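Dear colleague,

Please find below the sequence and the structure that I am handing over to you. My findings follow directly after them.

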Amino acid sequence: MSERFTAASGRTVVSRTSAEELGTLAHIVVDAKRRQVAWLVVGKGRKAVVVPWDEVSAFGPDAIMIADESALKAPRDDREQAAADGKLELIGKRVLSDLGNDLGKVTDVVFDPDSGAIESVAVDQREAPADSLLGAGSFAVIVLEPAQASAG
Amino acid sequence: MPVVTLGGEDVAEIRDVIYSPEAGRVVGLSLNKRGFLAGRRREVLTAETIHAIGRDAVMIADETSLILPENSPPDLGAPPSGRDVTGNQVLTEGGASIGQVKDIVVLTGSNGEVVGYEIDRAAGGTGYIPLPKQLAVSGSALVVPDATKEFIEDDLVGLGAAVDKFRSEPGIQ
């Protein structure tokens with residue numbers, strides 16, 4: 001089973017211990033080097049908090065379950081702050097190849113909801129495989145330059 | 001054009017290209033800070049630390065690729081004057097003027113190989129000439145092989161093919 005960032009956005013985040021609704025998923029931040037979901041950014045009223053992927057007990061089709069409210073962390077460093085501010089949101093971000101060419105914008109990201117592994121990144125009408133992902137920063141997502149059309 | 005790390009952060013903006021006409025390549029870039037009204041950055045990029053120059057961005061590994069001029073090769077720290085080829089007259093070995101240099105054309109995807117010049121043609125209009133790997137430059141004029149005349153292109157698209165053909169001509173290297 002694969003999950004898409006666009007489909008998961010807005011999903012309710014629920015505490016497993018209290019069954020209370022803790023917020024809704026604003027967006028997902030990836031660790032490009034490990035090709036993994038790094039954090040979920042959860043909107044809670046007007047504030048955004050981050051949940052490290054390790055604290056997610058189940059990324060279900062109808063709700064995202066976390067142990068309890070203590071998993072919601074206020075941003076602790078610059079990168080987490082940037083994440084909470086929405087600067088690391090992938091959807092809509094420009095995509096540059098490692099050779100410095102603009103390839104379009106991220107339209108979706110496909111990942112495995114069990115492991116958090118990134119499977120592919122949709123760039124406009126194309127799919128970039130996860131292993132071509134080099135970086136995801138506040139300015140751009142960097143992927144390997146797609147190979148020129150070749151036989152075989 | 002922005003300077004972007006492979007991690008996806010924009011760290012600087014190109015201010016100027018430091019070019020070595022003798023070597024036919026960009027030896028480095030001087031930089032501005034990013035953002036509106038941002039000033040000059042002291043650090044420079046050397047060709048060795050540039051991952052690639054593309055159509056839309058210059059890619060570097062990370063911020064450690066930016067080095068202070070005092071730590072960079074002498075060519076870059078204090079570029080000799082006369083490095084600016086724009087305005088130079090382009091003469092063939094036979095002594096005919098083809099035109100004046102308007103701009104340099106860098107091979108995209110490389111870390112700064114210059115493959116041609118945009119010129120104001122002596123005959124009028126803009127043209128693109130392929131460059132041999134090396135050529136003589138004086139600071140006011142540069143000398144290109146006679147065969148260059150046959151390879152003046154009207155646009156950049158034509159230049160790409162012309163460079164390969166030109167460099168495979170006998171006697172051109």
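Helix 2 of chain B lies across strand 8, strand 9 and strand 10 of chain B, and runs at about 25° to strand 10 of chain B. Please bear in mind that this is a predicted model.

The length of this helix was checked first. Helix 2 of chain B comprises twelve residues, 156-167, which should span 16 Å at 1.5 Å a residue; the C-alpha atoms at its ends are 17 Å apart, which agrees. Four of its residues, Leu159(B), Ala162(B), Val163(B) and Phe166(B), are buried. Viewed down the helix axis, the buried residues fall within an arc of 110°, so they line one face of helix 2 of chain B. This fits a general rule: an α-helix has 3.6 residues a turn, so residues three or four places apart point the same way. On the other side of helix 2 of chain B, the residues Val157(B), Ala161(B), Asp164(B) and Lys165(B) are exposed. The cover over the buried residues includes strand 8 (97-106), strand 9 (114-121) and strand 10 (126-130) of chain B.

Those three strands belong to an open sheet of six strands in chain B, with the order 10-9-8-7-12-11 and mixed pairing. Strand 10 and strand 11 (136-137) of chain B are at the edges and have a single partner strand each, so one side of each is left without a neighbour in the sheet. Within the sheet, strand 7 (residues 89-92) and strand 12 (residues 141-144) of chain B run parallel and are joined by four bridges. Thr92(B) stands opposite Val144(B) in strand 12 of chain B.

Val144(B) appears again among the contacts of Ile129(B). Not counting residues up to four places away in sequence, Ile129(B) touches Val90(B), Ile98(B), Gly116(B), Tyr117(B), Ile119(B), Val144(B), Thr148(B), Phe151(B) and Ile152(B). Ile129(B) is also one of the three residues, with Val41(A) and Val42(A), that touch the most other members of the largest nonpolar core, a set of 87 residues. The largest share of this core comes from strand 4 of chain A, which gives six residues. In soluble globular proteins, nonpolar side chains tend to be buried together.

Strand 4 of chain A (residues 36-44) pairs with strand 3 of chain A (residues 21-31) in the antiparallel sense, over seven bridges. Thr24(A) has Gly43(A), in strand 4 of chain A, as its bridge partner. Both strands sit in an open sheet of six strands in chain A, ordered 5-4-3-2-7-6, with mixed pairing. The edge strands there are strand 5 (47-52) and strand 6 (56-59) of chain A, each pairing on one side only. On average, neighbouring strands of this sheet are turned by 35° against each other, with direction ignored.

Chain B also contains a hairpin, formed by strand 2 and strand 3 of chain B with four residues between them; in the turn, Gly24(B) has a positive phi of about 70°. The two strands run antiparallel and are joined by seven bridges, and Val17(B) has Leu29(B) in strand 3 of chain B as its bridge partner. Strand 3 of chain B pairs further with strand 4 (residues 40-46) of chain B, in the antiparallel sense over five bridges. There, Ser30(B) is partnered by Val44(B).

Where does Pro21(B) lie? Pro21(B) is in the loop between strand 2 (10-20) and strand 3 (25-32) of chain B. With 23 C-beta neighbours inside 10 Å, Pro21(B) counts as buried. Beyond its neighbours within four places in sequence, Pro21(B) is in contact with Val85(B), Val137(B) and Leu142(B).

Two loop residues of chain A have a positive phi without being glycine. Phi of Ala19(A) is near 60°; Ala19(A) lies in the loop between strand 2 (12-15) and strand 3 of chain A and is exposed, with 8 other C-beta atoms within 10 Å. For Asp124(A), phi is about 50°. Asp124(A) is placed in the loop between strand 10 (118-123) and strand 11 (126-129) of chain A, and is likewise exposed, with 10 other C-beta atoms within 10 Å.

Finally, as regards the interface, 16 residues of chain A are in contact with 17 residues of chain B. On the chain A side, strand 8 (94-97), strand 12 (133-136) and strand 13 (141-143) each give two or more residues. Strand 12 of chain A gives the most, with three residues.

With kind regards

How values were computed. Residues are numbered from 1 along each chain as its sequence is written. Chains are lettered from A and ligands numbered from 1 in the order in which they are written. This is a predicted model: local features need pLDDT of at least 70, side-chain atom pairs count only at pLDDT 80 or more; totals for chains, interfaces and linings use all residues. Two strands pair if DSSP finds at least two bridges between them. Axes are lines fitted to C-alpha atoms, for helices over the stretch in contact, and angles run from 0 to 180 degrees between N-to-C directions. The expected span of a helix is 1.5 Å times one less than its number of residues. A residue is buried if 20 or more other C-beta atoms lie within 10 Å of its own, exposed if 12 or fewer, and partly exposed in between; C-beta atoms are placed from the backbone. The arc is that of the directions from the helix axis to the C-beta atoms. Two residues are in contact if their C-beta atoms, placed from the backbone, lie within 7 Å. A nonpolar core is a set of buried Ala, Val, Leu, Ile, Met, Phe, Trp, Tyr and Cys residues joined through C-beta atoms within 7 Å.
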